[in-house]
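Reader: I'm new to looking at protein structures. Could you walk me through one, feature by feature?
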Amino acid sequence: MNVTVCQSCGMPLTTPAQFGTEADGSTTREYCIYCYKEGKFEQPGMSLEGMTEMCTAILKDEGMDEESARSMLRNQLPF
Ligand SMILES: [Zn+2]
């Protein structure tokens, strides 16, 4: 499986709705919508811990259990 991950937070991008957007409204496959929106990085001051919490919530929404989501993120994020 070829999984695209956000180059900023490492979140797996599994649906087009998760891709970030450029200023012209096109999508980018480099970053997720939570990091990069309308050509700008979102929440530049966000901590990795905050990012982990946010991404854990997103993965839970997609049916992953919280512990696996959290440990996967801890492996992926540059702590
Ligand atoms: Zn991201």
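Reader: Let's start with the rings. How many aromatic pairs does the structure hold?

Author: Keep in mind that this is a predicted model. The structure holds three aromatic pairs.

Reader: And what do I look at in a pair of rings?

Author: You describe a pair of aromatic rings by two things, the distance of the centres and the angle of the planes. Take Tyr31 and Tyr36: their centres are 5.3 Å apart and their planes make 45°, which is a tilted pair. Tyr31 also pairs with Phe41, this time edge-to-face, with 5.0 Å centre to centre and 75° between the planes.

Reader: Which parts of the chain does that pair of Tyr31 and Phe41 tie together?

Author: Tyr31 belongs to strand β4 (residues 27-32) and Phe41 to strand β6 (residues 40-41), so the pair ties together parts that are 10 residues apart in sequence. Put the ring pairs together and Tyr31, Tyr36 and Phe41 are linked into a cluster.

Reader: Is Tyr36 buried or exposed?

Author: Tyr36 has a relative accessible area of 11%, and the cut-off for buried is under 20%, so Tyr36 is buried. Tyr31, with 21%, is partly exposed. Phe41 is also partly exposed, at 46% relative accessibility.

Reader: Now the metal. Which residues coordinate the zinc ion?

Author: For a metal, look for the atoms that hold it and then for their angles. Here the zinc ion is coordinated by the SG atoms of Cys6, Cys9, Cys32 and Cys35, at 2.2 to 2.3 Å. The angles among the four donor atoms are 103 to 115°, and the site is tetrahedral. Along the sequence, the donor residues follow the spacing C-x2-C-x22-C-x2-C. As for accessibility, Cys6 and Cys9 are both buried.

Reader: What is Thr4 in contact with, leaving aside its neighbours within four places in sequence?

Author: Start by placing the residue: Thr4 sits in strand β1 (residues 4-5). With those neighbours left out, Thr4 is in contact with Met11, Pro12, Leu13, Phe19 and Arg29. Thr4 is buried too, with a relative accessible area of 18%.

Reader: On to helices. Why do residues three or four places apart point the same way?

Author: An α-helix has 3.6 residues a turn, so residues with that spacing point the same way. Now try it on helix α2 (residues 66-76), whose buried residues are Ala69, Arg70 and Leu73. Looking down the axis of α2, you find these buried residues within an arc of 95°, so they line one face of the helix.

Reader: Which exposed residues are on the face of α2 turned away from its buried side?

Author: That face carries the exposed residues Glu67 and Asn75.

Reader: And what covers the buried residues of α2?

Author: The cover includes α1. One residue of helix α1 (residues 48-61) is Glu53, which is partly exposed at 36% relative accessibility. The C-alpha atoms of Glu53 and Ala69 are 9.8 Å apart, while along the chain these residues are separated by 16 residues.

Reader: Last one: which residue caps the N-terminal end of α2?

Author: To read a cap, check the end of the helix for a side chain that reaches the backbone. Asp65 does the job here, with a side-chain oxygen 3.2 Å from the backbone nitrogen of Glu67.

Definitions and conventions
Residues numbered from 1 in each chain as written. Predicted model: local features only at pLDDT ≥ 70, side-chain atom pairs only at ≥ 80, totals over all residues. Heavy atoms only, no water. Donors = N, O, S within 2.8 Å, 3.2 Å for Na, K, Ca; no water. Tetrahedral: all angles 85-135°; square planar, octahedral: opposite > 155°, others 65-115°. Buried < 20%, exposed > 50% of the residue type's maximum accessible area, 1.4 Å probe, protein only. Phe/Tyr/Trp six-rings, centres within 6.5 Å; stacked < 30°, edge-to-face > 60°. Helix = DSSP H or I, 4+ residues; strand = E, 2+ residues; numbered from the N terminus. Arc of directions from axis to C-beta. Contact = heavy atoms within 4.5 Å. Polar contact = N/O pair within 3.5 Å; in protein donor to acceptor, adjacent residues only side chain to side chain.
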